[in-house]
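Q: Got a minute to go through this model with me? I'd like to start with the overall make-up and then get to the side chains.
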Amino acid sequence: MPVTGPDFISLQVRDLDASQAFYEQYLGLVRSQAGPPHAVVFETTPIAFALRDLIPGTDLDSVEQPGIGIALWLHATDVQAIHDTLAADGHTIVSAPIDGPFGRTFTFADPDGYQVTLHDRA
């Protein structure tokens, strides 16, 4: 049977509580009751998105940018408002908002340095 597509995305983070708070505060994500104690799974569709404690042997401080080579895009309904709030609070904006084939789009760095792109066209 062939693979049908992505089903789960998880980022390893240095501080699970701080990262959870960031994604809840700035992206409006809601924690699901599902998930193991070492992870926070959010109620996202169609693909589950989660944060988890570092796996032993993983050292995010030893790399310039965690997840380099991976493009993580999330759909949002008010991309500009999220951008404006992140920028006003001093978070790193990697690429400024533009209007393109995926709607309003911009990229920011989360507390661990992962680059996340938001877009508003489904």
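A: Sure. One term to begin with: helices are DSSP runs of H or I with at least four residues, and strands are runs of E with at least two. Also, keep in mind that this is a predicted model.

Q: How much helix and strand is there over residues 5–121?
A: Over that stretch the chain is 19% helix and 34% strand. The C-alpha atoms at its two ends are 20 Å apart.

Q: What does UniProt list for residues 5–121?
A: The UniProt record has "domain: VOC" there. That comes from an unreviewed entry.

Q: Switching to charges. How many salt bridges turn up in the whole structure?
A: A search finds three.

Q: Which residue does Arg 14 pair with at 2.9 Å, N to O?
A: Asp 112 is one partner, through a side-chain salt bridge. The two residues sit 98 apart along the chain. Arg 14 is in the loop between S1 and H1, and Asp 112 is in the loop between strand S6 (103–109) and strand S7 (115–119).
A: Asp 61 also forms a salt bridge with Arg 14, with the closest N and O atoms 2.9 Å apart. That pair again links distant parts of the chain, 47 residues apart. Asp 61 lies in the loop between strand S3 (48–53) and strand S4 (72–75).

Q: Is Asp 112 buried or exposed?
A: Buried, because its relative accessibility is 5% and the cut-off for buried is under 20%.

Q: And Asp 61, buried or exposed?
A: Asp 61 is exposed, at 60% relative accessible area. Arg 14 counts as partly exposed, at 37%.

Q: Which residue meets Arg 104 in a salt bridge?
A: Asp 99, with N to O at 3.1 Å. Arg 104 is partly exposed, with a relative accessible area of 22%. Asp 99 counts as exposed, at 61%.

Q: Which residues are joined into one network by salt bridges that share partners?
A: Arg 14, Asp 61 and Asp 112.

Q: Why would such side chains pair at all?
A: Side chains of opposite charge can pair when their charged atoms come close.

Q: OK, aromatics. How many pairs are there?
A: The count comes to eight aromatic pairs. One of them is Phe 22 with Tyr 26, with ring centres 5.1 Å apart. Their planes are at 45°, so the pair is tilted.

Q: Where do Phe 22 and Tyr 26 sit?
A: In helix H1. They are four residues apart, so about one helical turn separates them. Both are buried.

Q: What about Phe 42 and Phe 49, stacked or edge-to-face?
A: Stacked, because their planes are at 15° and the cut-off for stacked is under 30 degrees. The ring centres are 6.1 Å apart.

Q: Are those two rings' residues buried or exposed?
A: Phe 42 counts as buried, at 2% relative accessibility. Phe 49 is buried too, at 3%.

Q: Which residues make up the aromatic cluster?
A: One cluster is formed by Phe 22, Tyr 23, Tyr 26, Phe 42, Phe 49, Phe 106 and Phe 108.

Q: New topic: the largest pocket. How much space lies in it?
A: About 480 Å³.

Q: What lines it?
A: The lining has 19 residues. Thr 44, Thr 45, Ile 47, Leu 74 and His 75 lie nearest the pocket centre. S3 and S4 are the elements that give two or more residues to the lining. The largest share, three residues, comes from S4.

Q: What kind of peptide bond joins Thr 45 and Pro 46?
A: A cis one, with omega about 0°. Pro 46 lies in the loop between strand S2 (39–42) and S3. Thr 45 is among the residues nearest the centre of the largest pocket.

Q: Last one. Where is Val 94?
A: In strand S5, which covers residues 93–100. Val 94 is partly exposed, at 38% relative accessible area.

Q: What is Val 94 in contact with, leaving aside neighbours within four places in sequence?
A: Thr 107, Phe 108, Ala 109 and Gln 115. Phe 108 also belongs to the aromatic cluster.

Q: And how far is Val 94 from Gln 65?
A: Their C-alpha atoms are separated by 12 Å. Along the chain, Val 94 and Gln 65 are 29 residues apart.

Notes: Residues numbered from 1 in each chain as written. Predicted model: local features only at pLDDT ≥ 70, side-chain atom pairs only at ≥ 80, totals over all residues. Heavy atoms only, no water. Buried < 20%, exposed > 50% of the residue type's maximum accessible area, 1.4 Å probe, protein only. Contact = heavy atoms within 4.5 Å. Salt bridge = Lys/Arg side-chain N within 4 Å of Asp/Glu carboxyl O. Phe/Tyr/Trp six-rings, centres within 6.5 Å; stacked < 30°, edge-to-face > 60°. UniProt positions renumbered as here; feature names shortened; annotations may be inferred. 1 Å grid on protein atoms, 1.4 Å probe; cavity = no way out; pocket = protein on both sides within 12 Å on 5 of 7 lines; lining within 4 Å. Points joined across faces, edges and corners; volume = space filled by probe spheres on them.
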